[in-house]
Amino acid sequence: MPKPSPRLAEVTKTSRISPSIQRIHLGGKALRTFPSTTPGAYVKLMFDLEGQPLTAVVDKSQVAMRTYTVNSFNPSIPEMTIDMVLHASDGATGPASAWAGSAKPGDTILLAGPGTSKGLSDTYQWVLLAGDMTALPSIKNHLAALPKNTKGYAVITVESEGDIVNIPKPDDVEVIWETKAPLPEVVASLSWHEELPAVWIACEFSDMRNIRRWLKDEKKLPHEQLYISSYWKKGRSEDQHKIEKRHDSEAFINSLKAG
Ligand SMILES: Cc1cc2nc3c(=O)[nH]c(=O)nc-3n(C[C@H](O)[C@H](O)[C@H](O)COP(=O)(O)OP(=O)(O)OC[C@H]3O[C@@H](n4cnc5c(N)ncnc54)[C@H](O)[C@@H]3O)c2cc1C
């Protein structure tokens, strides 16, 4: 099937839901035909090479895409929300984060998608969901979709205590918010149940590789029980990260094949 054309979305509202997260509400008639999504679905916001939001289709060599999870979508309005981390290192940021901080009602931007990501495996006795703030919308939506009797953990690293938000979850899933220790350390400190888990993890590239190695070598987790992905990489733009992510994934699959 051909990919749908990018849609022009209009910012209808923005709010700072925590010190590091800006929620952007998007509407506009092009979203009326946006399909319903499952947890982990994402859109690509489109910018030009100067970092300005695109409002008309241009040659793809002139586009910088930035990926964001669909936090919520209500087709009857229509309204989509995305929760964007406001990151800055030494004052420098990227086009998407800069746009999130300055967007105002009436602004427009092209978005492509939705794309879907692999969900939790169908068979499991407990779950482990983990990630940093970029994975929070996905973890939240996965938790909301789990059967009420699910047990396990959700681990989320946040910049500060102010970034902790209330998320509905099954009673027996313990949510662990961490402001200091790195994600791989927190995940490794959990008491691991012997039964079969479904594991879903999204975070920074190096953290992803550390956790993946630990799951494979120490926990002997069957590959089909795992979704693990890097959502960004320290010191790399999304365009650069995408290439390194592809190479890493190919090398990992080859290592599995080689046994
Ligand atoms: C499937 C998927 C879903 C995602 N969903 C979300 C989401 O819902 N919300 C969300 O906020 N992000 C999400 N991300 C991550 C987001 O796409 C990246 O953080 C993206 O690089 C941000 O683009 P930018 O233009 O702000 O920065 P870029 O131009 O890509 O990068 C500029 C600099 O900022 C650094 N940087 C990028 N992201 C971060 C970060 N989060 N923290 C600290 N430094 C960073 C880079 O390392 C680089 O040095 C998702 C990614 C994927 C693959």
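Select R66 together with the ligand in this predicted model, and you will find a polar side-chain atom of R66 lying 2.8 Å from an oxygen atom of the ligand. Keep the ligand on screen and add R236, where a polar backbone atom is 3.1 Å from a ligand oxygen; then add E238, which also offers a polar backbone atom, this one at 2.8 Å from an oxygen atom of the ligand. With a surface drawn over the protein, note that 87% of the 910 Å² of accessible area that the ligand has on its own is covered by the protein.

Next, show the shell around the ligand. The elements that contribute two or more residues to this shell are β4 (63-69), β6 (79-85), α1 (95-102) and β12 (226-232), and the largest contribution is that of β4, with 4 residues. The shell consists of 23 residues, of which R66, T67, V85, H87 and K233 come nearest to the ligand. If you colour the shell by class, 9 residues appear as nonpolar, 8 as polar and 6 as charged. Now colour by domain instead: domain 1 (7-115) and domain 2 (126-258) each give residues to the shell, and the ligand therefore lies between them.

From the shell, move to β12, a mostly covered strand in which 5 of the 7 residues are buried. Select strand β11 (residues 197-204) beside it, and the two can be seen to pair in the parallel sense over 6 bridges. To look at a single bridge, pick A202, whose partner in β12 is S229.

The remaining stops concern the backbone, and one general point helps in reading them: most residues other than glycine have a negative phi, and most peptide bonds are trans. Go to I77 and P78, where the peptide bond is cis, with omega near -15°; P78 sits in the loop between β5 (72-74) and β6. A cis peptide bond also joins G113 to P114, with omega about 10°, and here the proline, P114, belongs to strand β7 (residues 108-115).

Finish at K220, in the loop between α4 (205-217) and β12. Although K220 is not a glycine, its phi is positive, at about 50°. Is K220 buried or exposed? Its relative accessibility is 62%, and because a residue counts as exposed when this value is over 50%, K220 is classed as exposed.

Note on methods
Residues numbered from 1 in each chain as written. Predicted model: local features only at pLDDT ≥ 70, side-chain atom pairs only at ≥ 80, totals over all residues. Heavy atoms only, no water. Near = heavy atom within 4 Å. Polar contact = N/O pair within 3.5 Å; in protein donor to acceptor, adjacent residues only side chain to side chain. Areas by Shrake-Rupley, 256 points an atom, 1.4 Å probe, with all protein chains shown as cover. Nonpolar A, V, L, I, M, F, W, Y, C, P; charged D, E, K, R; others polar. Domains from an automatic or database assignment. Buried < 20%, exposed > 50% of the residue type's maximum accessible area, 1.4 Å probe, protein only. Pairing = 2+ DSSP bridges.
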